[in-house]
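Biologist: Could you take me through one helix in detail? I would like to hear about its two sides, its neighbours and its ends.

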Amino acid sequence: MSAQLNTHARPRGAARVGIGGPVGSGKTALLEQLIPRFIKRGTDIAVITNDLVTAEDAERVRRSGLIAPERVLAVETGACPHTAIREDPTLNLAAADELDRAYPGLELILIESGGDNLASSFSLDLVDYWLFVIDVAGGDDIPRKRGLGVLQCDLLVINKVDLAPHVNVNLDRMVAEAEEVRAGRATLLTNCSRGDGVDAVVERIAQEVLFDR
């Protein structure tokens, strides 16, 4: 898909950006780095998290102090996480609509998927743009496996780059192969535990989703 807003599926409201990826890749860590940066740039934001049968990620974000707790909603998928972001995103759509109604000036909703596999992807009925987060500890062959998440996302984020020398990963090769299989779509590198590279993620979303408003 092209990195343009999906405006055909719903009335105008806040832009909706999905964050997907395997378990432990750093989705919540990225979310916690994105929130204060968007707030600092003056973006009116809210958050939806997805977990299988808990609200653990939502509670973590609420306790973080990074955003007003009432601006964080939790979706309990009750099944494989991709079901609630792709096959039947009804619960997430309802949560996003609820946030739009509660905050008329809302500009951006960040929707974090539960941890899933490399085939996970977001429905365009739910999001306008989506990120897929992988990490070097999962192996530098991830891009070569050509999962739908890696191939189709608007922005691929390779996280935990600081670990590459410790897990015998050739980071340069991993990036080159990601760029090859993604046919020119953007790939960015981060270390979300320290915030390295996250400014570039914010800038990409600001330009391609918010149009720098």
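Modeller: Happy to; here is a close look at helix α7 (residues 171–181). This is a predicted model, in which local features need pLDDT of at least 70 and side-chain atom pairs count only at pLDDT 80 or more, while totals for chains, interfaces and linings use all residues. Residues are numbered from 1 along each chain as its sequence is written, and side-chain values use heavy atoms, with hydrogens and water left out. Helices here are DSSP runs (H or I, at least four residues), as are strands (E, at least two), numbered from the N terminus.

Let's start with the buried side. Leu-171, Met-174, Val-175, Glu-177, Ala-178 and Val-181 are buried, meaning under 20% relative accessible area with a 1.4 Å probe and protein chains only. These residues lie on the same side of α7 because they cover an arc of only 165° around the axis, taken from the directions from the helix axis to the C-beta atoms. An α-helix has 3.6 residues a turn, so residues three or four places apart point the same way. The other side of α7 carries Asp-172 and Glu-180, which are exposed (over 50%, with partly exposed in between).

What do the buried residues of α7 pack against? Their partners are the strands β5 (129–135), β6 (155–159) and β7 (186–189), along with the helices α5 (142–145) and α6 (148–152), where contact means heavy atoms within 4.5 Å.

Now the ends. At the N-terminal end, Asn-170 caps α7, with a side-chain oxygen 3.3 Å from the backbone nitrogen of Asp-172. After α7 comes Ala-183, whose phi is positive, near 55°.

How values were computed:
Polar contact = N/O pair within 3.5 Å; in protein donor to acceptor, adjacent residues only side chain to side chain.
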